[in-house]
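Open the model in your viewer and keep the selection tool at hand. The tour goes from one selection to the next.

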Amino acid sequence: MTSTRKSIHGQWSNRIVFILAATGSAVGLGNIWKFPYIAGENGGGTFVLVYLVCIALIGIPIMMAETMIGRRGRQSPINTMSTLAREEGRSPGWVMLGWMGVVAGFLILSYYSVIAGWALSYVFRTGSGAFLGVTTDGVNHIFTELVTDPERLLAWHTIFMVMTMIVVARGVKHGLEKAVRFLMPALLALLLMTVAYSMTTGHFMEGVEFLFTPGTISGQGVLIAMGHAFFTLSLGMGAIMVYGSYLPRHTSITQASIIIAIADTGVALLAGMAIFPIVFANGLEPGVGPGLIFKTLPIAFGHMEAGTMIGTAFFILLSFAAWTSAISLIEPAVAWLVENRGMNRIYASVWIGIFTWVLGIGSVLSFNLWSEHTWSVPFLFENKNFFDTLDFITANLMLPLGGLFIAIFAAWLMSENSTRDELNTNKFIFRIWHFLVKYITPIAVIIVFLNVIGVISL
Ligand code: TRP
């Protein structure tokens with residue numbers, strides 16, 4: 001049966017706009033800030049390999065499944081799940097998948113906004129020439145000065161949340177679509193310039209080897225690599241589902257998903273190739289944690305030709321990339337409030353924004369006043385502060401779990417008639433997709449989970 005539902009929130013003008021919007025959601029701090037630092041912490045090569053395998057075998061199929069479910073339901077993930085569960089004769093409990101996504105979106109945005117605040121503040125640091133001719137100690141000092149000052153972090157976090165609320169309030173057509181139309185190509189160009197600089201450091205190959213030569217990896221490392229495949233493609237919480245719900249009927253979901261995944265992975269790898277040569281050229285440690293790009297890129301901008309201008313532009317574009325990702329994190333919740341509470345988008349965005357902002361204060365404090373407040377959960381993690389805990393719970397547990405359930409729903413519980421009709425792709429591709437979401441994705445996610453809690457050992 002073909003579904004003819006329409007979204008009350010509007011529709012993307014065409015396929016390109018969907019690809020831009022979804023790429024805007026996917027490409028963000030995850031690629032440029034998070035990927036390099038977690039690759040650094042987990043030893044490089046093997047981590048990158050696991051991440052790439054996860055993108056191909058789990059990420060792309062789940063992206064297709066999520067978009068497909070969204071387009072079929074044409075509502076916020078919560079209502080989409082309840083409509084489709086009813087239609088397919090399944091338990092109404094599936095609505096919980098939508099709810100878990102909304103919660104994950106809140107949690108992620110609360111710390112995402114704090115890091116986006118760092119990027120915003122670096123626009124001004126770079127712009128004022130603070131990094132001209134800077135030394136390793138100099139960048140470390142500037143970074144530490146920022147993150148140990150809760151008031152400054154709070155101010156930037158607030159500015160970023162307000163920016164996000166404004167775009168979300170304006171809605172799909174006027175807000176999201178305009179925000180994602182440009183700037184991505186510009187970000188790519190600046191990233192390439194930074195890679196070009198890294199080639200002149202004399203340590204380029206060392207950086208490349210670090211990223212691509214397999215070594216050892218822990219069970220935790222595998223979990224983090226898999227979690228990151230979900231995080232970087234914005235999967236597992238309904239962001240792509242809600243974007244799919246605005247997708248015109250005849251767009252090829254397969255093609256769009258592959259394009260988005262390639263663009264996203266490309267940006268992450270380029271970021272790695274820009275950053276690690278600088279790490280090695282300056283005797284830095286790859287595993288310094290969340291501050292990695294803020295301690296390395298300024299060195300490049302401080303020493304390259306026209307570095308002040310290029311660096312300023314880079315951090316502006318990074319902030320934009322974060323912005324276009326952030327809006328997708330609360331879109332599922334906003335869409336639900338509009339649908340079920342009859343709220344207008346402006347109120348819905350403001351309420352959600354305030355809520356997220358308050359939670360973000362915990363992450364602001366994690367880098368200063370609360371940095372020593374850590375806890376451990378047996379089998380899962382040790383000594384994580386508030387920020388690290390949120391990041392771990394969302395990226396490494398909630399997203400893969402969301403993805404697991406999306407896969408189960410799409411492949412085991414929806415009828416093949418529905419999925420075949422909605423994906424509308426050729427038989428061969430459909431079979432591969434179906435096989436991957438039916439067996440490979442669920443098994444892979446379960447194995448990685450069991451491995452981390454020590455039930456099995458890879
Ligand atoms: N993918 C984005 C990044 O890499 C972050 C993001 C946006 C996200 N929407 C999401 C992550 C939904 C998980 C789920 O920066």
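**A tour of the enclosed and open spaces**

H5 gives the most to the lining of the second largest cavity, with three residues. This is a predicted model, and the tour begins at that cavity.

**Stop 1: the second largest cavity.** Select Pro77, Met81, Leu97, Gly98, Gly101, Gly236, Met237, Gly238, Met241 and Ile406, which line this cavity. The space they enclose has a volume of about 50 Å³. Colour helix H4 (77-87) as well as H5, since each of these two supplies at least two lining residues. By class, the lining has six nonpolar, four polar and no charged residues.

**Stop 2: the largest cavity.** Three cavities of 30 Å³ or more are counted in the model. For the largest, select Ser25, Tyr112, Phe231, Ser234 and Leu329, which lie nearest its centre among 17 lining residues. Its volume is about 150 Å³. H1, H5, H10 and H14 each supply at least two residues of this lining. Ten of the lining residues are nonpolar, seven are polar and none is charged.

**Stop 3: the ligand.** What takes up the space of the largest cavity? The ligand does. Show the ligand and then the 17 residues that surround it; Ala26, Gly30, Tyr112, Phe231 and Ser328 are the closest. Helices to colour here are H1 (15-26), H2 (29-41), H5 (95-127), H10 (219-232) and H14 (307-341), each with at least two residues in the shell. The shell holds nine nonpolar, eight polar and no charged residues.

Now check three distances:

- Gly30: a backbone N or O atom lies 2.7 Å from an oxygen atom of the ligand.
- Ser328: an N or O atom of the side chain is 3.0 Å from a nitrogen atom of the ligand.
- Thr232: a polar backbone atom is 3.2 Å from a nitrogen atom of the ligand.

On its own the ligand has 360 Å² of accessible area, and the protein covers 100% of this.

**Stop 4: the largest pocket.** Leave the ligand and move to the largest pocket, which has about 250 Å³ of space. Select Ile38, Glu41, Ile224, Lys384 and Asp391, the closest to its centre of the 14 residues that line the pocket. Which helix supplies the largest share of the lining? That is H16, with five residues. H2, H10 and helix H16 (386-413) each supply at least two residues. The pocket lining has six nonpolar, three polar and five charged residues, whereas the shell around the ligand has no charged residues.

Key: Residues numbered from 1 in each chain as written. Predicted model: local features only at pLDDT ≥ 70, side-chain atom pairs only at ≥ 80, totals over all residues. Heavy atoms only, no water. Near = heavy atom within 4 Å. Polar contact = N/O pair within 3.5 Å; in protein donor to acceptor, adjacent residues only side chain to side chain. Areas by Shrake-Rupley, 256 points an atom, 1.4 Å probe, with all protein chains shown as cover. 1 Å grid on protein atoms, 1.4 Å probe; cavity = no way out; pocket = protein on both sides within 12 Å on 5 of 7 lines; lining within 4 Å. Sits in = over half its atoms within 2 Å of the grid points. Helix = DSSP H or I, 4+ residues; strand = E, 2+ residues; numbered from the N terminus. Nonpolar A, V, L, I, M, F, W, Y, C, P; charged D, E, K, R; others polar. Points joined across faces, edges and corners; volume = space filled by probe spheres on them.
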